[in-house]
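Student: Could you take me slowly through one part of this model, the place where the two chains meet, and then show me how that part sits within the rest of the chain it belongs to?

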Amino acid sequence: MCMLHLTTGRVGCLLSKQVVVALTSSGARMSSHGHHEVSDSVDMSQPMYWDRLDTPLPDRPWKDVLDSTDKSLKQKEKGPWTALSKEEKIALYRLKFNHTYPEMKRPSHEWKTVIGGMFIFFGITGLVVFWQGHYVYPPQPHTFGEEWQAKQVQRMLDMQINPIEGFSAQWDYKNKQWK
Amino acid sequence: MSLAKPAMRGLLGKRLRFHLPIAFALSLVAAAAFKYGVTEPRKQAYADFYKQYDTTKEFNNMREAGVFESVRPTGK
């Protein structure tokens with residue numbers, strides 16, 4: 001079943017202090033950080049990483065705890081980049097960033113939850129409205145009755161309400177019927 | 001892998017040069033459509049109605065129907 005998808009790494013921009021640390025199914029996000037406890041709070045005094053479409057370059061790289069292969073790759077990065085192979089360039093990218101833009105923009109199944117939830121609440125509201133119509137509403141005013149409504153329509157036609165483009169314009173006065 | 005450098009400047013200007021004439025044209029079309037589709041027929045309908053309107057006759061019809069409080073229907 002699709003669960004509520006809390007967007008991973010959705011941190012606020014630097015002006016807001018709200019950080020929602022997502023519960024991902026992979027957990028890979030937490031494991032590559034050396035300075036992060038298991039608790040849900042984030043140390044806001046440290047530079048943060050984020051995956052955001054509108055703010056592309058986070059304050060720190062994705063992986064800052066590098067093992068020896070990563071460290072040697074970073075050393076090679078200090079030289080001419082034409083010496084790097086394609087795989088090495090991709091590996092350097094993956095050290096620096098968690099998701100690519102297409103990965104950030106990947107579609108999710110969240111819409112099904114949203115639409116389903118909407119319909120559920122429509123249904124509950126419908127039940128409430130029905131119950132209220134039966135148990136809460138007072139009797140209708142007498143002006144709603146058939147006879148009164150007919151007399152009302154006749155009076156409106158007698159007064160020639162909107163005789164040009166509106167109500168009485170639809171009534172055929174000669175033949176006494178609707179046009 | 002050498003991609004072309006993307007356009008870095010003049011993006012808003014380019015968008016405006018494209019969209020503003022279209023926006024103006026569509027607004028004018030909307031206004032003209034409303035004028036000739038709604039207001040002119042309406043003016044004509046009112047003019048036609050009042051050409052044929054006999055105020056005294058209609059007043060008497062309404063009076064007989066009993067909608068006035070200042071004049072009662074003729075008779076009892």
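Tutor: Let us begin with Glu165(A), which is partly exposed because its relative accessible area is 40%, a value that falls between the limit of under 20% for buried residues and the limit of over 50% for exposed ones. Please keep in mind that everything described here belongs to a predicted model. Glu165(A) sits in the loop of chain A that runs between helix α6, residues 146–158, and strand β1, residues 171–172. If we set aside the neighbours within four places in sequence, the residues in contact with Glu165(A) are Gln170(A) from its own chain, together with Arg42(B), Ala45(B) and Tyr46(B) from chain B.

The link to Arg42(B) deserves a careful look. Arg42(B) and Glu165(A) form a salt bridge, in which the closest N and O atoms are 2.8 Å apart. The two side chains are also listed as making a polar contact, again at 2.8 Å. Between chain B and chain A the count is one salt bridge, while the residue pairs in polar contact between these chains number two, both at pLDDT 80 or more. On the side of chain B that touches chain A, the elements giving two or more residues are α1, residues 11–51, and α2, residues 55–65, of chain B. Of the elements on that side, α1(B) gives the most, with five residues.

We can now step back to the contact as a whole, which takes twelve residues from chain B and eight residues from chain A. The area buried between the two chains is about 870 Å², and carbon and sulfur atoms give 62% of that area. Within chain B, the residues that lose the most area to chain A are Phe49(B), Met62(B) and Val67(B), which together account for 48% of what that side buries.

Returning to the loop that holds Glu165(A), we find two further residues with an unusual backbone angle. Most residues other than glycine have a negative phi. Gln160(A), although it is not a glycine, has a positive phi of about 55°, and Asn162(A), also not a glycine, has a positive phi of about 50°. Gln160(A) is placed in the loop between α6 and β1 of chain A, and Asn162(A) is likewise placed in the loop between α6 and β1. Gln160(A) counts as buried because its relative accessible area is 11%, which is under the limit of 20%.

It helps to see this loop against the rest of chain A, whose secondary structure comes to six helices and two strands. Read along the sequence, these elements follow the pattern α-α-α-α-α-α-β-β. Of the 179 residues of chain A, 18% count as buried, and the chain exposes about 14000 Å², with carbon and sulfur atoms supplying 63% of that area. If we take the contacts in chain A between residues at least 6 apart in sequence, 46% of them join residues at least 24 apart.

Two other loops of chain A also hold buried residues. Asp51(A) lies in the loop between α1, residues 28–31, and α2, residues 68–77, of chain A, and it is buried, with a relative accessible area of 13%. The side chain of Asp51(A) makes a polar contact with the side chain of Tyr49(A) at 2.8 Å, and it makes another with the side chain of Asn98(A) at 3.2 Å. Thr100(A) is found in the loop between α3, residues 86–96, and α4, residues 101–104. Thr100(A) counts as buried at 17% relative accessibility, and, leaving out residues up to four places away in sequence, it touches Tyr93(A) and Arg94(A).

Finally, chain A also carries a nonpolar surface patch of about 620 Å², made by Trp111(A), Val114(A), Ile115(A), Met118(A), Phe119(A) and Phe122(A). One of these residues, Val114(A), has its place in helix α5, residues 110–135, of chain A. Val114(A) is partly exposed, with a relative accessible area of 43%.

Key:
Residues numbered from 1 in each chain as written. Chains lettered and ligands numbered in written order. Predicted model: local features only at pLDDT ≥ 70, side-chain atom pairs only at ≥ 80, totals over all residues. Heavy atoms only, no water. Patch = residues over 30% accessible without salt bridge, like charges linked within 9 Å, V, L, I, M, F, W, Y side chains within 5 Å. Areas by Shrake-Rupley, 256 points an atom, 1.4 Å probe, with all protein chains shown as cover. Salt bridge = Lys/Arg side-chain N within 4 Å of Asp/Glu carboxyl O. Helix = DSSP H or I, 4+ residues; strand = E, 2+ residues; numbered from the N terminus. Buried < 20%, exposed > 50% of the residue type's maximum accessible area, 1.4 Å probe, protein only. Contact = heavy atoms within 4.5 Å. Buried area = accessible area lost by both parts, 1.4 Å probe. Polar contact = N/O pair within 3.5 Å; in protein donor to acceptor, adjacent residues only side chain to side chain.
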